[in-house]
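Got the model open in your viewer? Let's take a walk through it, one selection at a time.

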Amino acid sequence: MARYTGPVCKQCRREGQKLFLKGTKCYTEKCPVERRQYPPGHLGPAAARRRKQSDYAVQLREKQKVKRMYGLHEKQFRNLFAYAAGRPGVTGENLIVALESRLDNVVFRLGLAANRRQARQLVRHRHVQVNGATVNIPSYRLAAGDEVALREGSRELDVVEASLGARSRPQLLDWLALDEKNRVGRVVRKPTRGEVPLAAQEQLIVELYSK
């Protein structure tokens, strides 16, 4: 299955809320989901008038929403869930922490990219180093103490400058540290669920995969 390359605002409309797939632009532009509050397609308005969704439909939509926010395929997401389920602790919280620990997500959270799609591209194009070594795997799992930096020749890229200089740039999370001048970030510690600004009910995803 190829990665989705269509208008990202259609994904927001399908889930009925902003997924912030365009990064800082979502804070400054009026999203189509606010103007057309129904799913895309010719059946969209009719779908919006349907009766209450089944429990399965609610769980599915929650899974699709989180999967789209982090830009994963179904197989990737299911494998990550299996990893989270095998870890000690609450499976739903483990899943969110695992998603946040991905390299592309940390690059985005550090403010070095405007959105996760852009962060993934930076990683794929070998602009990012982890502990001094170039890593081009967006799903690379980071641990506490890991250092994430842009390569010396990549620190002045236009996309990086624009992201760091954006007025609507989200605040840096407590479990991350950033030396903005040198374009070097660090994972201070593993995040907790309460420190992840994600409007999702991960328990619904656990219930879906537990069927």
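Start with the whole protein chain: 45% of its 211 residues count as buried. Switch to cartoon and you should find eleven helices and five strands. As for how the chain folds back on itself, take the contacts between residues at least 6 apart in sequence: 56% of them join residues at least 24 apart.

Before zooming in, colour by pLDDT, since this is a predicted model. The chain averages 85, with 76% of its residues at 70 or more. Strand β3 (residues 147-150) has the highest confidence, at 98, while helix α2 (residues 25-28) has the lowest, at a mean of 53. Where pLDDT is low, the predicted coordinates should not be read in detail.

Next, select residues 55-70, which is helix α5, and show Lys67 as sticks. Is this lysine buried or exposed? With a relative accessibility of 11%, Lys67 falls under the 20% cut-off, so it counts as buried. Bring up Gln64 too: its side chain makes a polar contact of 3.0 Å with that of Lys67. Leaving aside residues up to four places away in sequence, Lys67 touches Leu72, His73, Glu74 and Phe77.

Two of those neighbours, Glu74 and Phe77, lead on to the next stop, where they help make the contact of α6 with α11. Select helix α6 (residues 74-85) together with helix α11 (residues 202-209): the axes sit 12 Å apart, at an angle of about 95°. That angle lies between 65 and 115 degrees, so the pair is roughly perpendicular. On the α6 side, show Glu74, Phe77, Arg78 and Phe81; on the α11 side, Ile205, Val206 and Tyr209. Sorted by class, this contact has five nonpolar residues, two charged ones and no polar ones.

Last stop: helix α9, residues 116-124. Which residues of α9 are buried? Pick out Arg116, Gln118, Ala119, Arg120, Leu122 and Val123. Now turn on the surroundings: the elements covering these buried residues include α5, where you were earlier, plus α7 (91-100), α8 (103-109), β1 (128-130) and α10 (158-165).

Check both ends of α9 while you're there. At its start, a side-chain oxygen of Asn115 comes within 3.2 Å of the backbone nitrogen of Arg117. After the helix comes Arg126, with a positive phi near 65°.

Technical notes:
Residues numbered from 1 in each chain as written. Predicted model: local features only at pLDDT ≥ 70, side-chain atom pairs only at ≥ 80, totals over all residues. Heavy atoms only, no water. Helix = DSSP H or I, 4+ residues; strand = E, 2+ residues; numbered from the N terminus. Buried < 20%, exposed > 50% of the residue type's maximum accessible area, 1.4 Å probe, protein only. Polar contact = N/O pair within 3.5 Å; in protein donor to acceptor, adjacent residues only side chain to side chain. Contact = heavy atoms within 4.5 Å. pLDDT = per-residue confidence, 0-100. Axes fitted to C-alpha atoms, helices over the stretch in contact; angles between N-to-C directions. Parallel < 35°, antiparallel > 145°, perpendicular 65-115°, else oblique. Nonpolar A, V, L, I, M, F, W, Y, C, P; charged D, E, K, R; others polar.
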